[in-house]
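This briefing covers strand pairing, the ligand shell and the nonpolar core of one model. Please read it with the structure open.

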Amino acid sequence: MNGTDDACFPLLETRSVTRVFGKGNGKVYALRGATLSVGQGRLIALKGRSGSGKTTLLNIMAALDSPTEGTVFYSGRDGSEMTEQQKNEMRKSEIGLIFQSFALVPYMTAYENVEFGLRIAGIPTPERKKLAEQALSFVGLAGRMHHMPSELSGGEQQRTAIARAIAHKPKLILADEPTAELDSRMGKQVMQVFRELIRTEGITIVMSTHDPHIMELVDDVYALEDGQIGSESIKEA
Ligand SMILES: Nc1ncnc2c1ncn2[C@@H]1O[C@H](COP(=O)(O)OP(=O)(O)OP(=O)(O)O)[C@@H](O)[C@H]1O
């Protein structure tokens with residue numbers, strides 16, 4: 001995009017990111033100088049008590065929100081120097097978002113949900129069918145793709161949401177408590193899909209979680225405390 005060699009930079013870097021909500025006596029410091037470097041192909045978990053700033057940080061990483069102070073770099077590109085349109089384009093082409101509550105359109109089938117996501121991302125009609133089917137097959141839903149969300153289990157609904165997030169082949173997945181609504185077996189299935197995405201597509205994943213069993217399945221765990229990031233455990237790259 002800017003002629004620099006992406007390989008020289010971490011995929012994503014937050015540098016001294018502070019986010020303050022409200023004003024005066026009502027000020028809330030959701031983040032206070034959060035610094036984190038995310039290398040390509042890693043599966044990273046953010047942990048922290050409720051209200052520790054995990055969602056705020058993920059929203060800032062997704063360029064859905066901006067830091068009050070500090071900077072986010074996307075493959076070396078300074079987010080504060082990007083226009084809203086550039087951020088929108090980057091989000092549509094490079095980032096996939098997954099939410100705790102799946103956020104599927106209830107009156108569309110799994111296939112239609114994924115296809116609709118591709119339409120919003122601006123993918124031309126002829127490519128959408130192939131990409132949607134590929135993504136749904138990848139998450140193991142080839143045989144269930146024409147069912148409505150209400151006819152799918154929680155794990156299948158979250159796998160549909162993953163298919164929607166990966167169908168446009170993003171570099172980075174940001175997932176806010178993606179396993180929180182699932183039982184442990186379905187949570188593990190989601191983690192297997194994440195692992196497979198990293199192995200076969202080289203995708204990078206940052207997710208938040210409260211679940212210690214899920215933390216055992218990731219590469220790095222970072223704890224958010226007092227709006228800052230401490231390293232909990234980092235495995236060899
Ligand atoms: N739009 C907002 N306006 C005011 N305060 C906010 C806003 N968004 C978040 N906060 C506050 O910022 C802090 C961090 O919230 P955040 O949602 O990032 O935490 P979290 O770690 O994701 O929590 P949980 O695990 O409960 O989802 C909280 O004190 C929250 O009340």
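In this predicted model, strand S3 (residues 43–47) and strand S8 (residues 204–208) pair in the parallel sense, over four bridges. S3 is also joined by four bridges to strand S9 (residues 220–225), again in parallel. A residue counts as buried if 20 or more other C-beta atoms lie within 10 Å of its own; four of the five residues of S3 meet this, so the strand is largely enclosed by the rest of the structure.

**Strand S3 and its partners**
- On the S8 side, leucine 43 of S3 stands opposite isoleucine 205.
- On the S9 side, leucine 46 of S3 stands opposite tyrosine 222.
- In a regular strand, side chains alternate between the two faces of the sheet.

**Open sheet of four strands**
- The strand order in this open sheet is S2-S1-S4-S5, and the pairing is antiparallel.
- Strands S2 and S5 (77–78) form the edges, each pairing on one side only.
- Eight bridges connect strand S1 (residues 12–21) with S2 in the antiparallel sense.
- Within this pairing, glutamate 13 has serine 37 of S2 as its bridge partner.
- Helix H1 lies across S1, S2 and strand S4 (69–74), and its direction makes an angle of about 125 degrees with S1.

**Shell around the ligand**
- The residues surrounding the ligand are Phe21, Gly22, Val28, Ala30, Gly48, Ser50, Gly51, Ser52, Gly53, Lys54, Thr55 and Thr56.
- Strand S2 (28–38) and helix H1 (54–61) are the elements that give two or more residues to this shell.
- H1 gives the most, with three residues.
- By class, the shell has eight polar, three nonpolar and one charged residues.

**Nonpolar core**
- The largest nonpolar core has 63 residues.
- Leu136 and Leu174 are the residues with the most contacts inside this core.
- Leaving aside residues up to four places away in sequence, leucine 174 touches Leu58, Met61, Ala62, Ile95, Leu97 and Val206.
- In soluble globular proteins, nonpolar side chains tend to be buried together.

Definitions and conventions: Residues are numbered from 1 along each chain as its sequence is written. This is a predicted model: local features need pLDDT of at least 70, side-chain atom pairs count only at pLDDT 80 or more; totals for chains, interfaces and linings use all residues. A residue is buried if 20 or more other C-beta atoms lie within 10 Å of its own, exposed if 12 or fewer, and partly exposed in between; C-beta atoms are placed from the backbone. Two strands pair if DSSP finds at least two bridges between them. A residue is near a molecule or strand if its C-beta atom, placed from the backbone, lies within 6 Å of it. Ala, Val, Leu, Ile, Met, Phe, Trp, Tyr, Cys and Pro count as nonpolar, Asp, Glu, Lys and Arg as charged, and the others, Gly among them, as polar. A nonpolar core is a set of buried Ala, Val, Leu, Ile, Met, Phe, Trp, Tyr and Cys residues joined through C-beta atoms within 7 Å. Two residues are in contact if their C-beta atoms, placed from the backbone, lie within 7 Å. Axes are lines fitted to C-alpha atoms, for helices over the stretch in contact, and angles run from 0 to 180 degrees between N-to-C directions.
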